[in-house]
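Subject: Structure for you to look over

Dear colleague,

I am passing on the structure below, and I would be glad if you could read it alongside the notes that come after it.

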Amino acid sequence: MVVIRLARGGAKARPFFSIVVADKRVRRDGRFIERIGFYNPTAVGGAESLRIAQDRLTYWKSVGAQTSPTVERLIKQAAKATPAAA
């Protein structure tokens, strides 16, 4: 099964997460198929804290990839931050 989840990076006490598409059997920070975004929970000021490639997210969901609960929450957060252009 293919999942869309977070992979942790960054230093001790300074987390940085990549939003990746990976096989469910591979460890959290291991090999992945594609990196589709990032999440920086410690972003301050004008720094970008969340970016998701919506076209790639839509593609992977259309072919059956499941999202983790945390990534699902971040997707909803990103949708609120950038309302769709009419």
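The notes that follow go from the overall fold to the sheet, the core and the aromatic pairs.

Please keep in mind throughout that this is a predicted model. The protein has two helices and five strands, and, read from the N terminus, these elements follow one another as β-β-β-β-α-β-α. The C-alpha trace spans about 40 × 35 × 20 Å along its principal axes. For 86 residues a compact globule would have a radius of gyration near 12 Å, and the 13 Å of the protein agrees with that. Of those 86 residues, 34% count as buried, and among contacts between residues at least 6 apart in sequence, 31% join residues at least 24 apart.

The sheet comes next. The five strands form an open sheet in the order β4-β3-β2-β1-β5, and the pairing in this sheet is mixed. Strands β4 (50-52) and β5 (66-67) stand at the edges, and because each has a single partner strand, one side of each is left without a neighbour in the sheet. Within the sheet, β1 (residues 2-11) and β2 (residues 14-23) run antiparallel and are joined by 10 bridges; L6, for instance, has I19 in β2 as its bridge partner. Helix α1 (residues 54-62) packs on the sheet and touches β1, β2, β3 (34-39), β4 and β5, with its direction making about 125° with that of β3. Helix α2 (residues 69-81) also packs on the sheet, where it touches β1, β2, β3, β4 and β5, and the direction of α2 makes about 95° with that of β4.

Turning to the interior, the largest nonpolar core has 16 residues, and I4, I19, I36, L50 and I52 are those with the most contacts inside it. At least two residues of this core are supplied by each of β1, β2, β3, β4, α1 and α2, while the largest share, four residues, comes from α2. If you would like one residue to begin with, L50 touches I19, F38, Y39, L74, Q77 and A78, leaving aside residues up to four places away in sequence.

Which aromatic rings pair, and how are they arranged? The structure holds three aromatic pairs, of which I describe two here. F16 and F38 form a stacked pair, with 5.6 Å centre to centre and 20° between the planes. This pair links distant parts of the chain, since F16 lies in strand β2 and F38 in strand β3, 22 residues apart. F16 is partly exposed, with a relative accessible area of 30%, whereas F38, at 11% relative accessibility, counts as buried. For Y59 and W60, the ring centres are 5.3 Å apart and the planes stand at 75°, so this pair is edge-to-face. Here Y59 counts as partly exposed at 38% relative accessibility, while W60 is buried, with a relative accessible area of 12%.

With best regards

Definitions and conventions. Residues are numbered from 1 along each chain as its sequence is written. This is a predicted model: local features need pLDDT of at least 70, side-chain atom pairs count only at pLDDT 80 or more; totals for chains, interfaces and linings use all residues. Side-chain values use heavy atoms; hydrogens and water are left out. Two strands pair if DSSP finds at least two bridges between them. Contact means heavy atoms within 4.5 Å. Axes are lines fitted to C-alpha atoms, for helices over the stretch in contact, and angles run from 0 to 180 degrees between N-to-C directions. A nonpolar core is a set of buried Ala, Val, Leu, Ile, Met, Phe, Trp, Tyr and Cys residues joined through side-chain atoms within 4.5 Å. Buried means under 20% relative accessible area, exposed over 50%, partly exposed in between (1.4 Å probe, protein chains only). Rings of Phe, Tyr and Trp (its six-membered ring) pair if their centres lie within 6.5 Å; planes under 30 degrees apart count as stacked, over 60 as edge-to-face and the rest as tilted. The radius of gyration is taken over C-alpha atoms; the globule rule is 2.2 Å times the number of residues to the power 0.38.
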